[in-house]
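Here is a short, informal walk through a structure that may be new to you. Have the picture open as you read, and take it one piece at a time.

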Amino acid sequence: METKKLATGAAPRKLSDYLTRARDKAPAHDGHGAGGAQSVREDNYRGHAIEIVTTYKILVDGRKIRAPLGVDDSGQVHCHSLPNYQTASAVDMVRALIDGFPEEFERKPVRAQSRPAASHKHRPAPVRKSRPAAKKGSKHEH
Amino acid sequence: MAVVRKNILQNADVRDQYIQGVQLLKNEASGRKTNEFGIPGAVRSVSTYDLFVIWHVTAMMLETPPGNPAGRNSAHRGPVFAPWHRVMLMLFEQNLQRVLNDANFGLPYWDWAEDGDLPPQQQGDAAIWGDDCMGGQGNPVTTGPFAFSQSDPSAFRVRISTNISGELRSVNRGLRRAFGVSADALPRTAHVANALALSSYDSPDWDADANSFRNRIEGWMNDDGVSATWLHNLVHVWVGGEMLLGSSPNDPVFFLNHCNIDRLWESWMSRNGRVYVPDMEAGADLKGHRIDDPISSPLGRGATPRETLDVSEIYEYDALL
Ligand SMILES: [Cu+2]
């Protein structure tokens, strides 16, 4: 690579022109944005065609989260929004999502229309269903 | 003449220049607004520094080919990982040279394996996280040159991030780091040596399961050939905070990590020659990763993996491994 080529391409205007073009051309992320990401694994074994379709339904504090989780051929779970990470368990991936996107998991105070205005500072304890916590590793969907 | 890229911990002048350059690029308006990149919410000016954040997210969202089960994209999880980040770093370095008004400035690297050889509980206190270098951890980071200050609008702020779906969004907050939360310790020098001993740059199926140099340094597989968070990926995950996300260039340490990864690639080429696979015989499902395919960059057809193999005219490292 030559220096001259590089210097012209490095101008902020060049980079931003390229980026606006690239973002216009970017294909709509089926599934990713909608949280309906699907992994399809295919294999052939003794003349049989295997197809495994995996989708994740993840609830945190009872709320469905829109994270694009997938599973690769070796069974590792990855998530497009945490691009440098893979785990053997989807549970560990969700823990990392909670660390990586803390504001998306903030517990919103319950709307209390009939209460006095000052009550908005009060955060009621979140409702928890008495269900045993998932054991680590017990929820492998692969 | 080629600039020299140096170890940030051994060159205080370069370190100070790097910090200054980042701050200048962060406060330089690119002339573009958030809506021009499809970022929802109130329209805001985008800094030159943040163009690199947008670029990284955009490249990551571009699957090659769309919907491939390996999750390969135009910058990660495949052979183009090293060339794409090399181009990104060269363009970033050019911008640093411009704002620093110093054509001899070379991007420094962080040799994280030196810290990885320390006991895990000491790694977060290493010199790289000092007040005179990158600052420490926190939400927000409150020490060092990128510390958050609510009252100072020119203090370092994260302005563009991604949401949980991986889409760009506007934010206005301090930098975040959380050492050792999702991973216990940094990679060690022995792990680096083992990666350098691999003789193939990449190999079928050209994905996160390939037992190749690219896959090892990117960090999808450990020394035992088992899926793991390793080398480059482990550095991201160990630092945590911004570094976990697709918008990880928000943390200035991103470029120091990648500069070290680029140094490892250069070290590998010094052993194995300036070679790259796959070639153009490879099928269309590897489009974007073959040797003469254009890299997703403003350089268009002028930047292909082949074009990135010899950068001796542009920069060199003070020390290879
Ligand atoms: Cu990257």
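What follows goes from chain A as a whole to its strands and helices, and then on to chain B.

Keep in mind from the start that this is a predicted model.

**Chain A at a glance**

Chain A has three helices and seven strands. Reading along the sequence, you meet them in the pattern α-α-β-β-β-β-β-β-β-α. Of its 142 residues, 38% count as buried. About 9500 Å² of chain A is exposed, and carbon and sulfur atoms supply 50% of that area. What about contacts between residues far apart in the sequence? If you take the contacts in chain A with a separation of 6 or more, 36% of them come from residues 24 or more positions apart.

**A hairpin and an open sheet**

Start with strands β1 (residues 38-45) and β2 (residues 48-55) of chain A, which run antiparallel and are joined by eight bridges. Within this pair, Arg41(A) sits opposite Ile52(A) of β2(A). The two strands make a hairpin with two residues between them, and Arg46(A) has a positive phi there, near 50°.

Further along, three strands of chain A form an open sheet, in the order β5-β6-β7, with antiparallel pairing. Its edge strands are β5 (69-71) and β7 (86-87) of chain A, each of which pairs on one side only. In general, strands of a sheet pair through backbone hydrogen bonds, either parallel or antiparallel. Here β5(A) pairs with strand β6 (residues 77-79) of chain A over three bridges, in the antiparallel sense. Look for Gly70(A), and you'll find His78(A) of β6(A) opposite.

Which helix lies across these three strands? That's helix α3 (residues 90-100) of chain A, which lies across β5, β6 and β7 of chain A and runs at about 25° to β6(A).

**Where chain A touches chain B**

Now go back to helix α2 (residues 12-25) of chain A, where you'll find Ser16(A). Is Ser16(A) buried or exposed? Its relative accessibility is 1%, so Ser16(A) counts as buried. Leaving aside residues up to four places away in sequence, Ser16(A) touches Arg32(B), Phe37(B) and Leu51(B).

**A helix in chain B**

Helix α3 of chain B covers residues 81-100. With 20 residues at 1.5 Å a residue, α3(B) should span 28 Å, and this agrees with its end C-alpha atoms, which are 28 Å apart. Most of α3(B) is covered, with 19 of its 20 residues buried. Right after α3(B) comes Asn101(B), which has a positive phi, near 55°.

**Two cysteines without a bond**

How many disulfides turn up in a search of the whole structure? The count over all chains is zero. Take Cys133(B), for instance: the nearest cysteine sulfur belongs to Cys259(B) and is 13 Å away. A disulfide needs the two sulfur atoms within 2.5 Å, so at 13 Å Cys259(B) and Cys133(B) are too far apart for a bond. The table shows how accessible these two cysteines are.

| Residue | Relative accessibility | Status |
|---|---|---|
| Cys133(B) | 1% | buried |
| Cys259(B) | 0% | buried |

So both cysteines are buried: Cys133(B) has a relative accessible area of 1%, and Cys259(B) is at 0%.

Note on methods. Residues are numbered from 1 along each chain as its sequence is written. Chains are lettered from A and ligands numbered from 1 in the order in which they are written. This is a predicted model: local features need pLDDT of at least 70, side-chain atom pairs count only at pLDDT 80 or more; totals for chains, interfaces and linings use all residues. Side-chain values use heavy atoms; hydrogens and water are left out. Helices (H or I, at least four residues) and strands (E, at least two) are DSSP runs, numbered from the N terminus. Buried means under 20% relative accessible area, exposed over 50%, partly exposed in between (1.4 Å probe, protein chains only). Contact means heavy atoms within 4.5 Å. Accessible areas come from the Shrake-Rupley method with a 1.4 Å probe; for residues, only the protein chains shown count as cover. Two strands pair if DSSP finds at least two bridges between them. Axes are lines fitted to C-alpha atoms, for helices over the stretch in contact, and angles run from 0 to 180 degrees between N-to-C directions. The expected span of a helix is 1.5 Å times one less than its number of residues.
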